[in-house]
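Q: Please take a close look at one strand of this chain and the strands around it. Then place that part within the rest of the model.

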Amino acid sequence: MLAGAACAALTVLCAPVSAATSPELPGAAYDASADQAVGAFYAARNGAPLWLRSTNDSAAAGALLSILERAPLDGLESGPAIASQARSLISRAQAGDAAASAEAERLLSAAWIRYVGALQTPPAGMTYADQWVAPRRDTAASILAKAAAAPSLASYVQRVAQVNPLYAQLRDAAWISMQSSGGSLDPRILASLDRARQIPPQGRYVMIDTAGARLYMIDDGQIADSMKVIVGKADPSTQTPMIASAIYYATLNPYWHVSADILRSTIAPNVLSLGLGYLKSRGYQVMSADGEMLDPAKVDWRAVAAGRDTVRVRQLPGAANSMGRIKIPFPNSSDLYLHDTPNRDLFAQDDRNLSHGCIRLEDAERLGRWLMGREPEAASKEPEQNVLLPKPVPIYVTYLTAQAKDGRLTLLDDIYGRDREVAALH
């Protein structure tokens, strides 16, 4: 939804753009590299305008002005002030001031550079664990070159500003809310917009929203499927982090390698209270740090519980295995992964912040089929069978406490306390 749509019918003078002074952008110092890019861009065009080429092309300028009006939602606080300055210059141009037309032209190009730069700014708190999905930021020169090459500049501007379908829906709902509330917005809205901005507009990928505890399978900008997930508890030590990475393979019949904190807090105390039969009944194997099998009877479990001794414990594949039948790892330094689970009753709960950080899947086989393009059947009963995907699939683990449905905003609890940090940046 664009404000000021009447600007799409602007009447402007078709005057060549001089290489005179660069425009002053309200709200921030003008970036020197962008200044040089604007100058070089118009010099290469022999001063030919981009935004204000003729009365028939004024739709592009109108579209950009409308976008700038609501640009604070996109991370560009000075957008409305830039739009106001550009409108003033265009009014002077309509009265026959060729210098004002040239200045408005350069101002719009400079504003477009800053706007696209704001859209491409990575969100606070996101870790890019695989370079394949790391954000690529366009240079100022590239931003202008792509705009100039577009068959329809107005359509191109609106397509770039849409970012992705989820983001566009959330921003439209936020814009309506902002207008009705006199400009004030809940911090969760701005924080969620910052995070949703980094979700790709196209392609095939998995997105997990830890605030809503839900996984989405996205195909070419559309939600192909979704399911409930269980994510990390609210405690800082167990929260599921925001990570962008890529899934390359799935593991069928996985072991569960028990983390050190679960070993100390759960496994060792249970051995002390229930005896060694606890390990056998649940399929646990005990190993040394270098992977050598150990006799559980010779382990000092009190020392393990107290953190004075270190062993490794893994659970064999089977019906009781905490990984279920499928584990879906991806590169990251937090040892975060997706996995099946034998305990499905927990998915009926509204509060699904229950794990130690990893993500349990409501229907791991369904996700496995979508990723692998076939039934995720193991070739045998052998443990740890890694099956490559036909193509790597990006995965985005994010945190969206504001969501839009049917044009209306829904706000969720900031269970991880992350939104206040983002609000301080706006």
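A: What follows starts with strand β5 and its partners, then moves outward to other parts of the chain.

The model is predicted. The mean pLDDT of the protein chain is 89, with 91% of its residues at 70 or more. Residues 1-15 have pLDDT below 50, although this stretch makes 46 contacts in the model beyond near neighbours in sequence. Where pLDDT is low, predicted coordinates should not be read in detail.

Strand β5 covers residues 243-252. Burial marks most of this strand, since eight of its ten residues are buried. Tyr-248, which belongs to β5, is partly exposed, because its relative accessibility is 30%. Tyr-248 also takes part in a nonpolar surface patch, together with Trp-132, Tyr-249 and Leu-388. The accessible area of these four residues together is about 420 Å².

Three pairings of β5 can be followed from strand to strand. Strand β1, made of residues 127-128, runs parallel to β5 and is joined to it by two bridges. In this pairing Thr-127 stands opposite Ile-243 of β5. Strand β13, residues 385-398, runs antiparallel to β5, and nine bridges connect the two. Ile-243 appears here again, with Val-397 as its bridge partner in β13. Ile-243 is thus matched with Thr-127 and with Val-397. Strand β9, residues 326-329, is antiparallel to β5 as well, with two bridges between them. Leu-252 of β5 has Ile-326 as its bridge partner in β9.

Ile-326 leads on to Asp-340, since the two residues are in contact. Asp-340 sits in the loop that runs between β10 (337-339) and β11 (353-355). Although placed in a loop, Asp-340 counts as buried, because its relative accessibility is 5%, under the 20% limit for that class. Apart from neighbours within four places in sequence, the contacts of Asp-340 are Ser-322, Met-323, Gly-324, Arg-325, Ile-326 and Ala-364.

Ala-364, one of those contacts, belongs to helix α12, which spans residues 364-372. Ala-364 is buried, as are Leu-367, Gly-368, Trp-370, Leu-371 and Met-372 of this helix. Gly-373 comes just after α12 and has a positive phi of about 75°.

A positive phi also occurs in the hairpin formed by β14 and β15, where two residues lie between the strands. Asp-406 in that turn has a phi of about 55°. The two strands, β14 at residues 402-405 and β15 at residues 408-411, are antiparallel and share four bridges. One matched pair across the hairpin is Ala-404 with Leu-409 of β15.

A further group of strands is an open sheet of three, ordered β6-β8-β7 and paired antiparallel. β6 (256-257) and β7 (284-287) are its edge strands; each has a single partner, so one side of each lacks a neighbour in the sheet. β8, residues 312-315, is joined to β7 by four bridges. Met-287 is paired in this way with Arg-312 of β8.

Helix α9, residues 260-274, contains Asn-270. Asn-270 counts as partly exposed because its relative accessibility is 24%. Outside its neighbours within four places in sequence, Asn-270 contacts Gly-275 and Tyr-278. From Asn-270 to Gly-212 the separation is 58 residues in sequence and 33 Å in space, C-alpha to C-alpha.

These parts belong to a chain with 13 helices and 15 strands. Of its 426 residues, 49% count as buried. Contacts between residues at least 6 apart in sequence join residues at least 24 apart in 69% of cases. The C-alpha trace spans about 95 × 40 × 40 Å along its principal axes. The accessible surface of the chain is about 19,200 Å², and carbon and sulfur atoms account for 51% of this area.

Key: Residues are numbered from 1 along each chain as its sequence is written. This is a predicted model: local features need pLDDT of at least 70, side-chain atom pairs count only at pLDDT 80 or more; totals for chains, interfaces and linings use all residues. Side-chain values use heavy atoms; hydrogens and water are left out. pLDDT is the predictor's confidence in each residue, from 0 to 100. Contact means heavy atoms within 4.5 Å. Two strands pair if DSSP finds at least two bridges between them. Buried means under 20% relative accessible area, exposed over 50%, partly exposed in between (1.4 Å probe, protein chains only). Patches are made of residues with over 30% relative accessible area and no salt bridge: like charges are joined within 9 Å, nonpolar side chains (Val, Leu, Ile, Met, Phe, Trp, Tyr) within 5 Å. Accessible areas come from the Shrake-Rupley method with a 1.4 Å probe; for residues, only the protein chains shown count as cover. A salt bridge is a side-chain nitrogen of Lys or Arg within 4 Å of a carboxyl oxygen of Asp or Glu.
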